[in-house]
Amino acid sequence: LAPPEPPRSCDTFVFVAGPGGPDVTIFGKNSDRPSEEEHPVVFFPRAQYEEGAKVKCTYIEVPQVKETYSVVLSKPAWLWGCEMGANEFGVCGGNEAIWTAMFSDLGNEERLLGMDVLRL
C-alpha cells in the first residue's frame with residue numbers, strides 16, 4: 001500500500017498586541033508547499049522606478065509602481081512572488097491556498113499567481 005498523502009493546507013494567524021497580552025503583534029504562517037522545495041528568506045531594499053517601468057512577475061509583466069518599500073520575504077526559489085513576508089513598516093502578509101470546484105474553468109492563460117499578488 002502506498003502511504004497516504006500528507007494534508008495540504010495553509011494556516012496564518014495574527015495575535016494583535018493589547019491589554020492582557022504581549023506588547024508586540026505576532027504573525028505566524030505554515031505552508032502547504034512541498035517539503036523538498038527551497039524557500040530562501042530574501043531582503044529587497046526600498047527602490048525607485050522610472051515612469052512606465054514594468055515588473056516581471058512569475059508568468060507576466062505588470063506596470064511597476066514609482067516606489068517600493070523594503071521587504072523581507074520567504075519565497076519558493078523558482079517564482080517571483082512570496083509565501084509570506086513583512087515590509088519596513090511592519091505590515092505582514094501570507095499567501096493562502098483556496099481550493100475551488102471552479103478551478104477547471106480558469107483555462108490555461110498565464111496570469112498573476114496569488115504569491116505574486118502578495119509580493120506586489
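1. The second largest pocket has a lining of 26 residues, and those that lie nearest its centre are Thr68, Tyr69, Val71, Arg119 and Leu120. The volume of this pocket is about 600 Å³. The structure is a predicted model, and the pocket is therefore to be read as a feature of that prediction.

2. As to composition, the lining of the second largest pocket consists of 18 nonpolar, five polar and three charged residues. At least two lining residues come from each of strand E5 (54-56), strand E6 (61-63), strand E7 (67-68), E8, strand E9 (84-87), E10 and helix H1 (114-119). Which element gives the most to this lining? That element is E9, with three residues.

3. The chain as a whole may be considered next. Its secondary structure amounts to ten strands and one helix. Read from the N terminus, the order of elements is β-β-β-β-β-β-β-β-β-β-α, and the helix thus follows the strands.

4. Some of these strands form an open sheet, which has four strands in the order E3-E8-E9-E10 with antiparallel pairing. Strand E3 (41-44) and strand E10 (92-94) each have a single partner strand, so they stand at the edges and one side of each is without a neighbour in the sheet. On average, neighbouring strands of this sheet are turned by 15 degrees against each other, direction ignored. In general, the strands of a sheet pair through backbone hydrogen bonds.

5. The pairing of E3 with strand E8 (residues 71-74) is antiparallel and extends over four bridges. Within this pair, Val41 stands opposite Ser74 in E8, and Phe44 stands opposite Val71 in E8. Val71 is also one of the residues that lie nearest the centre of the second largest pocket.

6. E8 pairs with E9 as well, in the antiparallel sense and over four bridges. Here Val72 stands opposite Ala86 in E9. Both E8 and E9 are among the elements that each supply at least two residues to the lining of the second largest pocket.

7. The overall dimensions remain to be noted. The C-alpha trace of the chain spans about 55 × 50 × 25 Å along its principal axes. The radius of gyration of the chain is 17 Å, whereas a compact globule of 120 residues would have one near 14 Å. Of the 120 residues in the chain, 22% are buried.

Definitions and conventions. Residues are numbered from 1 along each chain as its sequence is written. This is a predicted model: local features need pLDDT of at least 70, side-chain atom pairs count only at pLDDT 80 or more; totals for chains, interfaces and linings use all residues. Side-chain values use heavy atoms; hydrogens and water are left out. Two strands pair if DSSP finds at least two bridges between them. Axes are lines fitted to C-alpha atoms, for helices over the stretch in contact, and angles run from 0 to 180 degrees between N-to-C directions. On a 1 Å grid over the protein atoms alone, a cavity is a set of points where a 1.4 Å probe fits but cannot get out, and a pocket is an open set with protein on both sides within 12 Å along at least five of seven lines; lining residues have an atom within 4 Å of a point. Grid points are joined across faces, edges and corners, and a volume is the space filled by probe spheres set on the points. Ala, Val, Leu, Ile, Met, Phe, Trp, Tyr, Cys and Pro count as nonpolar, Asp, Glu, Lys and Arg as charged, and the others, Gly among them, as polar. The radius of gyration is taken over C-alpha atoms; the globule rule is 2.2 Å times the number of residues to the power 0.38. Buried means under 20% relative accessible area, exposed over 50%, partly exposed in between (1.4 Å probe, protein chains only).
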